[in-house]
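Hello,

Here is the structure we talked about handing over. Please have a look, and then read my notes below.

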Amino acid sequence: MSLSLGGRSILQDVSLAVGQGEILGLVGPNGAGKTSLFEVLSGRYAAQAGRVSLAGRDVTSASFPERARLGMARTFQSPVVPAALTVGETFRATRKAYRPYLSAHDAEWAARLAHLDVDWERPAGTLDTFDRRKLLLACLIMRRPSVLLMDEPASGLINTEIDELDMIIRRLVDEYEIGVILIEHRLELLSAIADRVVVLDLGEVIARGAPEEVFRDPRVHAAYFEGAPDAREPHARETAWLSCSRSAG
Ligand SMILES: Nc1ncnc2c1ncn2[C@@H]1O[C@H](COP(=O)(O)OP(=O)(O)OP(=O)(O)O)[C@@H](O)[C@H]1O
Ligand SMILES: [Mg+2]
């Protein structure tokens with residue numbers, strides 16, 4: 001696919017695929033186009049060129065809600081929850097969002113699978129970052145998606161929480177055969193969890209393959225650590241550099 005926004009090219013001839021029960025890591029410096037790629041996959045942005053298919057079905061002209069109904073689930077970089085609703089009300093709204101309506105049992109099942117262990121009477125706005133992410137994830141998996149797009153689900157989490165997230169994702173993939181595309185800056189996490197990775201830089205795929213090979217690729221190092229345009233924020237670049245140094249020993 002290729003995407004332009006406001007006359008600027010954001011993605012150029014990017015192609016990727018994720019299989020059932022597979023984890024595809026998507027990595028790249030700030031502003032590389034990772035979130036924009038999710039916007040195109042999930043149907044919020046229309047690409048100027050390219051096609052999106054889900055389980056063999058062309059969904060290029062399907063809307064965001066239509067794609068959701070067909071089994072595409074997506075999380076966002078910020079875990080924004082309905083602050084005025086309790087956890088229980090959020091689940092209820094999710095169950096009744098569209099037909100077929102789901103049962104309370106479906107919500108309980110999804111909450112367990114997402115490791116959400118909080119009082120359902122609590123306002124969703126009082127949950128911490130990880131519990132918000134778990135609540136939103138539970139709302140998505142309740143509908144039994146076939147593909148899950150996760151945009152930096154580990155951001156703002158501490159190490160023990162990241163280990164737990166890792167377990168949650170692995171279970172979704174191994175037991176429920178969901179295909180996951182995971183945007184993540186921590187290369188060591190992707191090395192541990194991803195079957196394959198794709199590296200984007202300035203809207204183009206610069207490397208793809210097994211994580212350990214890709215993260216050794218000199219072009220990947222160059223994209224992360226050299227010639228950074230001023231417009232990019234340095235923090236993720238630095239984080240990734242540290243991770244890379246560590247994994248390289
Ligand atoms: N709606 C928009 N209109 C114009 N430009 C946009 C829009 N959304 C994103 N962009 C631009 O597209 C480029 C890619 O942004 P994107 O958010 O996809 O990057 P990213 O790889 O997700 O970065 P990060 O790691 O910081 O989340 C950036 O230069 C951004 O400014
Ligand atoms: Mg992003």
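I start with the ligand site. Helix α1 gives the most to the shell around ligand 1, with three residues. Keep in mind that this is a predicted model. In total, 12 residues surround ligand 1. The closest are Leu 5, Asn 30, Lys 34, Thr 35 and Ser 36. Sorted by class, the shell holds seven polar, four nonpolar and one charged residues.

Next, the sheet. It is open, has six strands and shows mixed pairing. The order runs β6-β7-β8-β3-β9-β10. β6 (72-74) and β10 (204-209) are the edge strands; each has a single partner, so one side of each lacks a neighbour in the sheet. On average, neighbouring strands are turned by 15° against each other, direction ignored.

Helix α1 (residues 34-42) comes back here, because the ligand shell is not its sole contact worth listing. Helix α1 packs on the sheet, touching β3 (23-27), β6, β7, β8 and β9 (196-201). The direction of α1 makes about 150° with that of β7.

Two strand pairs are worth opening in your viewer. β7 (residues 147-151) and β8 (residues 179-183) pair in the parallel sense over five bridges. Val 147 has Gly 179 in β8 as its bridge partner. β9 and β10 pair in the antiparallel sense, over five bridges. Leu 200 stands opposite Val 205 in β10.

What links β9 and β10 in their hairpin? Two residues lie between the strands, and Leu 202 takes a positive phi near 45°.

Best regards

Definitions and conventions: Residues are numbered from 1 along each chain as its sequence is written. Chains are lettered from A and ligands numbered from 1 in the order in which they are written. This is a predicted model: local features need pLDDT of at least 70, side-chain atom pairs count only at pLDDT 80 or more; totals for chains, interfaces and linings use all residues. Two strands pair if DSSP finds at least two bridges between them. Helices (H or I, at least four residues) and strands (E, at least two) are DSSP runs, numbered from the N terminus. Axes are lines fitted to C-alpha atoms, for helices over the stretch in contact, and angles run from 0 to 180 degrees between N-to-C directions. Two residues are in contact if their C-beta atoms, placed from the backbone, lie within 7 Å. A residue is near a molecule or strand if its C-beta atom, placed from the backbone, lies within 6 Å of it. Ala, Val, Leu, Ile, Met, Phe, Trp, Tyr, Cys and Pro count as nonpolar, Asp, Glu, Lys and Arg as charged, and the others, Gly among them, as polar.
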